[in-house]
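Here is a short report for a reader who is new to this structure. Take a look at the model first, then read on.

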Amino acid sequence: MLEIIYNKLYSHFGPQHWWPVTEKGKLNPEYSGGPKNERQQLEVCFGTILAQNTSWKNAEKAIVELNKNNLINIKKILKIKNKKLAQIIKSSGYYNQKAKKLKNFCDFLSKNYDGKISLLLNNNAEELKKKLISINGIGQETADSIILYAAKKPVFVVDAYTKRILNRIGYKETEYNKLQTLFAKNLPNSERLFNEYHALLVELGKGICKKQPLCGKCPVSRCCGYYEAVSLKRD
Ligand code: SF4
(Lines give C-alpha, C1' and ligand atoms only; values in the text may rest on other atoms or scores of the structure.)
Protein backbone atom coordinates (compact mmCIF):
# COMPACT_ATOMS: atom_id res chain seq x y z
CA MET A 1 0.00 0.00 0.00
CA LEU A 2 2.79 2.48 0.85
CA GLU A 3 4.33 1.94 -2.59
CA ILE A 4 0.98 2.49 -4.28
CA ILE A 5 0.53 5.75 -2.36
CA TYR A 6 4.02 6.86 -3.38
CA ASN A 7 3.38 6.13 -7.03
CA LYS A 8 0.13 8.06 -7.00
CA LEU A 9 1.74 11.04 -5.27
CA TYR A 10 4.70 11.01 -7.66
CA SER A 11 2.46 10.81 -10.72
CA HIS A 12 0.38 13.70 -9.41
CA PHE A 13 3.02 16.11 -8.07
CA GLY A 14 6.18 15.01 -9.93
CA PRO A 15 9.73 15.20 -8.49
CA GLN A 16 10.23 17.70 -5.66
CA HIS A 17 14.04 18.19 -5.83
CA TRP A 18 14.54 18.47 -2.07
CA TRP A 19 16.21 19.87 0.06
CA PRO A 20 16.29 23.49 -1.19
CA VAL A 21 19.79 25.02 -1.06
CA THR A 22 21.35 28.32 -2.07
CA GLU A 23 23.58 28.33 -5.13
CA LYS A 24 26.78 30.39 -5.17
CA GLY A 25 26.16 34.11 -5.61
CA LYS A 26 22.44 33.85 -4.76
CA LEU A 27 20.47 34.49 -1.59
CA ASN A 28 17.38 32.32 -1.91
CA PRO A 29 17.41 28.55 -1.53
CA GLU A 30 16.25 26.70 -4.64
CA TYR A 31 14.86 23.21 -5.19
CA SER A 32 17.78 21.87 -7.17
CA GLY A 33 18.26 18.35 -5.84
CA GLY A 34 19.90 18.89 -2.47
CA PRO A 35 23.38 19.85 -1.25
CA LYS A 36 26.41 19.41 -3.48
CA ASN A 37 29.10 20.87 -1.23
CA GLU A 38 29.91 21.41 2.45
CA ARG A 39 28.46 24.89 2.57
CA GLN A 40 25.14 23.60 1.27
CA GLN A 41 25.26 20.65 3.69
CA LEU A 42 25.67 23.11 6.54
CA GLU A 43 22.81 25.21 5.17
CA VAL A 44 20.56 22.13 5.15
CA CYS A 45 21.46 21.45 8.80
CA PHE A 46 20.68 25.05 9.73
CA GLY A 47 17.44 24.83 7.73
CA THR A 48 16.26 21.75 9.63
CA ILE A 49 16.73 23.63 12.92
CA LEU A 50 15.08 26.81 11.62
CA ALA A 51 12.11 24.82 10.27
CA GLN A 52 11.26 23.38 13.69
CA ASN A 53 7.65 24.28 14.60
CA THR A 54 7.19 26.61 11.65
CA SER A 55 6.57 26.58 7.92
CA TRP A 56 9.41 26.32 5.42
CA LYS A 57 8.43 29.79 4.18
CA ASN A 58 9.40 31.31 7.54
CA ALA A 59 12.54 29.20 7.84
CA GLU A 60 13.53 30.16 4.29
CA LYS A 61 13.36 33.87 5.11
CA ALA A 62 15.79 33.23 7.96
CA ILE A 63 18.15 31.37 5.60
CA VAL A 64 18.05 34.36 3.23
CA GLU A 65 19.02 36.65 6.12
CA LEU A 66 21.83 34.27 7.14
CA ASN A 67 23.03 34.33 3.53
CA LYS A 68 22.94 38.14 3.44
CA ASN A 69 25.11 38.20 6.56
CA ASN A 70 27.47 35.44 5.37
CA LEU A 71 26.48 33.32 8.33
CA ILE A 72 26.31 29.87 6.80
CA ASN A 73 29.61 29.46 8.51
CA ILE A 74 30.45 27.62 11.72
CA LYS A 75 33.08 30.07 13.00
CA LYS A 76 30.93 33.11 12.30
CA ILE A 77 27.89 31.59 14.05
CA LEU A 78 30.06 30.91 17.10
CA LYS A 79 31.41 34.45 17.02
CA ILE A 80 28.19 36.43 16.62
CA LYS A 81 26.27 37.55 19.74
CA ASN A 82 23.19 35.47 20.57
CA LYS A 83 20.91 38.52 20.48
CA LYS A 84 22.11 39.62 17.08
CA LEU A 85 21.76 36.12 15.63
CA ALA A 86 18.26 35.86 17.09
CA GLN A 87 17.26 39.09 15.32
CA ILE A 88 18.67 37.84 12.02
CA ILE A 89 16.64 34.62 12.17
CA LYS A 90 13.54 36.25 13.67
CA SER A 91 11.19 35.16 10.86
CA SER A 92 11.59 31.49 11.86
CA GLY A 93 9.89 32.01 15.24
CA TYR A 94 11.24 30.85 18.63
CA TYR A 95 14.27 32.81 17.50
CA ASN A 96 16.07 33.08 20.85
CA GLN A 97 15.93 29.31 21.26
CA LYS A 98 16.85 28.68 17.65
CA ALA A 99 19.86 31.03 17.89
CA LYS A 100 21.09 28.91 20.81
CA LYS A 101 20.41 25.71 18.89
CA LEU A 102 22.44 26.91 15.90
CA LYS A 103 25.25 27.79 18.26
CA ASN A 104 25.03 24.40 20.02
CA PHE A 105 25.24 22.64 16.69
CA CYS A 106 28.24 24.68 15.56
CA ASP A 107 29.92 24.27 18.95
CA PHE A 108 29.52 20.49 18.65
CA LEU A 109 31.05 20.53 15.16
CA SER A 110 33.88 22.76 16.24
CA LYS A 111 34.78 20.70 19.32
CA ASN A 112 34.34 17.22 17.85
CA TYR A 113 34.91 17.51 14.12
CA ASP A 114 37.38 20.35 13.72
CA GLY A 115 34.52 22.47 12.37
CA LYS A 116 34.03 20.19 9.36
CA ILE A 117 30.44 19.19 8.63
CA SER A 118 31.55 16.47 6.18
CA LEU A 119 33.39 14.62 8.98
CA LEU A 120 30.23 14.47 11.08
CA LEU A 121 28.09 13.41 8.12
CA ASN A 122 30.57 10.64 7.21
CA ASN A 123 29.38 8.59 10.19
CA ASN A 124 27.01 5.76 9.38
CA ALA A 125 23.33 6.58 9.81
CA GLU A 126 23.00 4.91 13.21
CA GLU A 127 26.07 6.59 14.70
CA LEU A 128 25.13 9.89 13.14
CA LYS A 129 21.69 9.77 14.73
CA LYS A 130 23.16 9.07 18.17
CA LYS A 131 25.55 11.99 17.82
CA LEU A 132 22.93 14.39 16.50
CA ILE A 133 20.35 13.74 19.20
CA SER A 134 23.04 14.22 21.83
CA ILE A 135 23.14 17.91 20.79
CA ASN A 136 20.82 20.11 22.82
CA GLY A 137 17.98 21.27 20.53
CA ILE A 138 18.11 18.41 18.01
CA GLY A 139 15.28 15.90 18.26
CA GLN A 140 14.38 12.86 16.21
CA GLU A 141 12.80 14.65 13.26
CA THR A 142 15.60 17.20 12.94
CA ALA A 143 18.26 14.50 13.26
CA ASP A 144 16.60 12.33 10.62
CA SER A 145 16.18 15.30 8.28
CA ILE A 146 19.92 15.98 8.57
CA ILE A 147 20.73 12.30 7.94
CA LEU A 148 18.47 12.09 4.89
CA TYR A 149 18.86 15.52 3.32
CA ALA A 150 22.36 16.65 4.33
CA ALA A 151 24.19 13.28 4.64
CA LYS A 152 22.01 11.64 1.94
CA LYS A 153 21.66 8.40 3.91
CA PRO A 154 18.45 6.36 3.86
CA VAL A 155 16.25 7.07 6.87
CA PHE A 156 12.57 7.97 6.73
CA VAL A 157 11.64 11.38 8.15
CA VAL A 158 8.34 11.44 10.03
CA ASP A 159 6.75 14.84 10.55
CA ALA A 160 3.32 16.20 11.48
CA TYR A 161 2.12 15.90 7.86
CA THR A 162 3.21 12.27 7.70
CA LYS A 163 1.34 11.48 10.92
CA ARG A 164 -1.84 13.25 9.84
CA ILE A 165 -1.94 11.73 6.35
CA LEU A 166 -1.07 8.20 7.46
CA ASN A 167 -3.63 8.30 10.27
CA ARG A 168 -6.36 9.50 7.92
CA ILE A 169 -5.46 6.85 5.37
CA GLY A 170 -5.92 4.23 8.08
CA TYR A 171 -2.58 3.52 9.78
CA LYS A 172 -3.20 3.79 13.47
CA GLU A 173 0.41 4.25 14.62
CA THR A 174 1.20 7.69 15.99
CA GLU A 175 4.61 7.11 17.62
CA TYR A 176 7.58 8.42 15.68
CA ASN A 177 9.61 5.19 15.79
CA LYS A 178 6.69 2.96 14.87
CA LEU A 179 5.73 5.06 11.86
CA GLN A 180 9.35 5.17 10.77
CA THR A 181 9.61 1.38 11.05
CA LEU A 182 6.44 1.01 9.00
CA PHE A 183 8.06 2.83 6.08
CA ALA A 184 11.40 1.07 6.55
CA LYS A 185 9.80 -2.38 6.53
CA ASN A 186 7.53 -1.81 3.56
CA LEU A 187 9.79 0.08 1.18
CA PRO A 188 13.19 -0.56 -0.40
CA ASN A 189 16.00 1.00 1.68
CA SER A 190 16.63 3.84 -0.75
CA GLU A 191 17.78 7.36 0.03
CA ARG A 192 16.31 8.68 -3.22
CA LEU A 193 12.94 7.09 -2.48
CA PHE A 194 12.82 8.32 1.15
CA ASN A 195 13.88 11.80 0.03
CA GLU A 196 11.14 12.00 -2.57
CA TYR A 197 8.45 10.30 -0.49
CA HIS A 198 8.80 12.65 2.46
CA ALA A 199 8.80 15.69 0.16
CA LEU A 200 5.65 14.42 -1.58
CA LEU A 201 3.86 13.88 1.74
CA VAL A 202 4.73 17.45 2.73
CA GLU A 203 3.31 18.67 -0.60
CA LEU A 204 0.09 16.72 -0.03
CA GLY A 205 -0.19 17.87 3.60
CA LYS A 206 0.43 21.54 2.78
CA GLY A 207 -1.99 21.89 -0.09
CA ILE A 208 -4.60 19.13 0.06
CA CYS A 209 -4.62 16.98 3.21
CA LYS A 210 -4.85 20.11 5.36
CA LYS A 211 -6.61 20.44 8.72
CA GLN A 212 -9.78 20.67 6.64
CA PRO A 213 -8.86 18.16 3.92
CA LEU A 214 -9.70 18.81 0.27
CA CYS A 215 -10.37 15.16 -0.49
CA GLY A 216 -11.98 15.91 -3.85
CA LYS A 217 -8.55 17.04 -5.11
CA CYS A 218 -6.55 14.26 -3.49
CA PRO A 219 -4.52 11.82 -5.63
CA VAL A 220 -4.66 9.12 -2.93
CA SER A 221 -8.36 9.37 -2.03
CA ARG A 222 -8.99 5.85 -3.33
CA CYS A 223 -6.61 4.46 -0.72
CA CYS A 224 -7.95 6.57 2.13
CA GLY A 225 -10.10 5.32 5.01
CA TYR A 226 -11.11 8.85 6.03
CA TYR A 227 -12.37 9.61 2.53
CA GLU A 228 -14.21 6.30 2.34
CA ALA A 229 -15.92 6.95 5.69
CA VAL A 230 -16.94 10.49 4.68
CA SER A 231 -18.28 9.25 1.31
CA LEU A 232 -20.32 6.49 2.97
CA LYS A 233 -21.89 9.02 5.36
CA ARG A 234 -22.83 11.28 2.45
CA ASP A 235 -24.41 8.43 0.49
S1 SF4 B 1 -8.48 11.64 0.79
FE2 SF4 B 1 -8.66 13.40 2.11
S3 SF4 B 1 -8.12 12.72 4.17
FE4 SF4 B 1 -7.44 11.15 2.72
S5 SF4 B 1 -5.31 11.65 2.32
FE6 SF4 B 1 -6.51 12.65 0.74
S7 SF4 B 1 -6.97 14.70 1.51
FE8 SF4 B 1 -6.25 13.47 3.22
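The text below covers the domains, their interface, the salt bridges and three single residues.

## Two domains

This is a predicted model. The domain assignment of the chain gives two parts. Domain 1 is made of two stretches, 2-16 and 156-234. Domain 2 is one stretch, 38-150. The C-alpha centres of domain 1 and domain 2 are 27 Å apart.

## Where the domains touch

How many residues of domain 1 are in contact with domain 2? The count is 12 residues of domain 1, and they meet seven residues of domain 2.

The size of an interface is often given as the accessible area lost when the parts come together. Between domain 1 and domain 2, the buried area is about 720 Å². Carbon and sulfur atoms give 56% of that area. Three residues stand out on the side of domain 1: V157, Y176 and N195. They supply 56% of the area that domain 1 buries against domain 2, more than any other three residues.

What kinds of pairing cross the interface? The rule finds zero salt bridges between domain 1 and domain 2. It does find four residue pairs in polar contact across this interface, with both residues at pLDDT 80 or more.

Which helices supply the side of domain 1 that touches domain 2? Helices α11 (176-186) and α12 each supply at least two residues. Helix α12 gives the most to that side, with five residues. By class, the side of domain 1 that touches domain 2 has six nonpolar, four polar and two charged residues.

## A residue of helix α12

Helix α12 spans residues 191-207, and E191 lies in it. Is E191 buried or exposed? With a relative accessible area of 15%, E191 falls under the 20% limit, so it counts as buried. Its contacts, leaving aside neighbours within four places in sequence, are L148, K152, K153 and P154. One of these, L148, has a number inside the 38-150 range of domain 2.

## Salt bridges

Side chains of opposite charge can pair when their charged atoms come close. The structure holds 12 salt bridges. Three of them are set out here.

| Salt bridge | Closest N and O atoms | Burial |
|---|---|---|
| E30 and K26 | 3.3 Å | E30 partly exposed, 29%; K26 partly exposed, 44% |
| D144 and K129 | 3.0 Å | D144 and K129 both buried |
| E175 and K178 | 3.9 Å | E175 partly exposed, 46%; K178 partly exposed, 42% |

Some salt bridges share partners: E127, K130 and K131 are joined into one network in this way.

The pair of D144 and K129 deserves a second look. The closest N and O atoms of this pair are 3.0 Å apart. D144 lies in helix α9 (residues 140-150), while K129 lies in helix α8 (residues 125-133). The pair therefore ties together parts that are 15 residues apart in sequence. Both D144 and K129 are buried.

The pair of E30 and K26 has another setting. E30 is partly exposed because its relative accessibility is 29%. K26 is partly exposed as well, at 44%.

## Two isoleucines

I72 sits in the loop between α3 (56-68) and α4 (74-79). Its relative accessibility is 9%, so I72 counts as buried. Which residues does I72 contact, leaving aside its neighbours within four places in sequence? They are R39, L42, E43, F46, L66 and N67. I72 and E38 are 34 residues apart in sequence, and their C-alpha atoms are 10 Å apart in space.

I88 lies in helix α5 (residues 82-88). The relative accessible area of I88 is 13%, so this residue is buried. Not counting residues up to four places away in sequence, I88 touches E65, L66, N69, L71 and I80. L66 is thus listed as a contact of I72 and of I88. How far apart are the C-alpha atoms of I88 and C224? They are separated by 42 Å, with the two positions 136 residues apart along the chain.

Key: Residues numbered from 1 in each chain as written. Predicted model: local features only at pLDDT ≥ 70, side-chain atom pairs only at ≥ 80, totals over all residues. Heavy atoms only, no water. Helix = DSSP H or I, 4+ residues; strand = E, 2+ residues; numbered from the N terminus. Buried < 20%, exposed > 50% of the residue type's maximum accessible area, 1.4 Å probe, protein only. Contact = heavy atoms within 4.5 Å. Domains from an automatic or database assignment. Buried area = accessible area lost by both parts, 1.4 Å probe. Salt bridge = Lys/Arg side-chain N within 4 Å of Asp/Glu carboxyl O. Polar contact = N/O pair within 3.5 Å; in protein donor to acceptor, adjacent residues only side chain to side chain. Nonpolar A, V, L, I, M, F, W, Y, C, P; charged D, E, K, R; others polar.
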